[in-house]
Amino acid sequence: ATASAIVYTMVEMAKANDLNTYKDEELIKFVNGTRSFDTWDQFLEECDGIGLQDYINEYTRQYQEQKES
């Protein structure tokens, strides 16, 4: 069986790009010490606010559809 690609709309891709940019910028801050690991939970909440859970939900939905077909 051939695996199908996960497909996102332009809006979903824009959100994913925003999320990836934010994640990359903030992880650098954690690594270089300019952001405390005490704010990790806040960071995760910020990612959720940008759309992390929506991204996960859509990926999971499409994955499940492909698995069932």
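**Group meeting: a three-helix predicted model**

Of the 69 residues in this protein, 17% are buried. Keep in mind that what you have on screen is a predicted model. The average pLDDT is 88, and 94% of the residues score at least 70.

Confidence by element, then. Helix α2, residues 40–50, comes out highest with a mean of 95, while helix α3, residues 52–68, comes out lowest with a mean of 89.

Now the fold. The secondary structure consists of 3 helices and 0 strands, and the order along the sequence reads α-α-α. On overall dimensions, the radius of gyration is 15 Å, whereas a compact globule of 69 residues would be near 11 Å. Along the principal axes, the C-alpha atoms fill a box of roughly 45 × 20 × 20 Å.

What share of the contacts with a separation of 6 or more comes from residues 24 or more positions apart? That share is 59%.

Next, surface and charge. The accessible surface is about 5,300 Å², and carbon and sulfur atoms hold 56% of that. There are 14 negative side chains and 6 positive ones, and the centres of these two sets are 3 Å apart.

I will go through three residues, starting at the N-terminal side. Thr9 sits in the segment before α1. Its relative accessibility is 44%, so Thr9 counts as partly exposed, the class between 20% and 50%. For a sense of distance, take Thr9 and Val31: they are 22 residues apart along the chain, and their C-alpha atoms are separated by 32 Å.

Second, Lys15, which belongs to helix α1, residues 10–32. How far apart in space are Lys15 and Ile50, C-alpha to C-alpha? The distance is 7.0 Å, for a pair 35 residues apart in sequence. If we set aside neighbours within four places in sequence, Lys15 has contacts with Ile50 and Asp54. Ile50 falls within the residue range of α2, 40–50, and Asp54 within that of α3, 52–68. Lys15 has a relative accessible area of 40%, so this residue too is partly exposed.

Third, Arg35, located in the loop between α1 and α2. Is Arg35 buried or exposed? Arg35 counts as buried, because its relative accessibility of 11% is under the 20% cut-off. Not counting residues up to four places away in sequence, Arg35 touches Tyr22, Glu26, Lys29, Phe30, Gln42, Phe43 and Glu46. Tyr22, Glu26, Lys29 and Phe30 fall within the residue range of α1, 10–32, and Gln42, Phe43 and Glu46 within that of α2, 40–50.

To close, two items to keep side by side: the radius of gyration of 15 Å against near 11 Å for a compact globule of 69 residues, and Arg35, a loop residue that counts as buried at 11%.

Technical notes:
Residues are numbered from 1 along each chain as its sequence is written. This is a predicted model: local features need pLDDT of at least 70, side-chain atom pairs count only at pLDDT 80 or more; totals for chains, interfaces and linings use all residues. Side-chain values use heavy atoms; hydrogens and water are left out. Helices (H or I, at least four residues) and strands (E, at least two) are DSSP runs, numbered from the N terminus. The radius of gyration is taken over C-alpha atoms; the globule rule is 2.2 Å times the number of residues to the power 0.38. Buried means under 20% relative accessible area, exposed over 50%, partly exposed in between (1.4 Å probe, protein chains only). Contact means heavy atoms within 4.5 Å. Accessible areas come from the Shrake-Rupley method with a 1.4 Å probe; for residues, only the protein chains shown count as cover. Lys and Arg count as positive and Asp and Glu as negative; His and the chain ends are not counted. The place of a charge is taken as NZ of Lys, CZ of Arg, CG of Asp or CD of Glu. pLDDT is the predictor's confidence in each residue, from 0 to 100.
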